[in-house]
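This report looks at aromatic pairing and at the surroundings of the residues that take part in it. The sequence and the structure are shown first.

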Amino acid sequence: MTKIGRNQLCPCGSGKKYKKCCLIKPKSDSQLLKKRDELDILMEKGWSLVQENQTTKACDVWLELWDSLKKRFKPEFRDVKEAETIFFRL
């Protein structure tokens, strides 16, 4: 199997360069599921706090969630569809 260069067209057929397509995929589905679960847990925790009238604590949890999300966004994302790949590459 030959190595794919970062600037070559991606072998998945998207028409994008490899570096802006499949190179940015998570290492494994299990890693993605774990990270997705962590995000879901934080979101649910925030909503639970809102239901308990602890809105300040809920906002703190959601800020933690946002910080986690920001780390996943790549400068090469050009639109929302590319950003969605963080969550939907299963």
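## Accessibility of the two tryptophans

Trp47 has a relative accessibility of 49%, and it therefore counts as partly exposed, since the partly exposed class runs up to the exposed class, which begins over 50%. Trp62, with a relative accessibility of 23%, also counts as partly exposed, the buried class being kept for values under 20%. The model is a predicted one, and these percentages are to be read with that in mind.

## The aromatic pair

The count of aromatic pairs comes to one. In this pair the ring centres of Trp47 and Trp62 are 5.0 Å apart and the ring planes stand at 65 degrees, so the arrangement is edge-to-face, a class that calls for planes over 60 degrees apart. The pair links distant parts of the chain, given that Trp47 belongs to helix H1 (residues 29–51) and Trp62 to helix H2 (residues 55–70), with the two positions 15 residues apart in sequence numbering.

## Surroundings of Trp62

Leaving aside residues up to four places away in sequence, Trp62, which lies in helix H2, touches Leu42, Met43, Gly46, Trp47 and Val50. The side chain of Trp62 also comes to 3.5 Å from the backbone oxygen of Met43.

Trp62 and Leu39 are separated by 23 residues in sequence, and their C-alpha atoms are 9.6 Å apart in space.

Conventions. Residues numbered from 1 in each chain as written. Predicted model: local features only at pLDDT ≥ 70, side-chain atom pairs only at ≥ 80, totals over all residues. Heavy atoms only, no water. Phe/Tyr/Trp six-rings, centres within 6.5 Å; stacked < 30°, edge-to-face > 60°. Buried < 20%, exposed > 50% of the residue type's maximum accessible area, 1.4 Å probe, protein only. Contact = heavy atoms within 4.5 Å. Polar contact = N/O pair within 3.5 Å; in protein donor to acceptor, adjacent residues only side chain to side chain.
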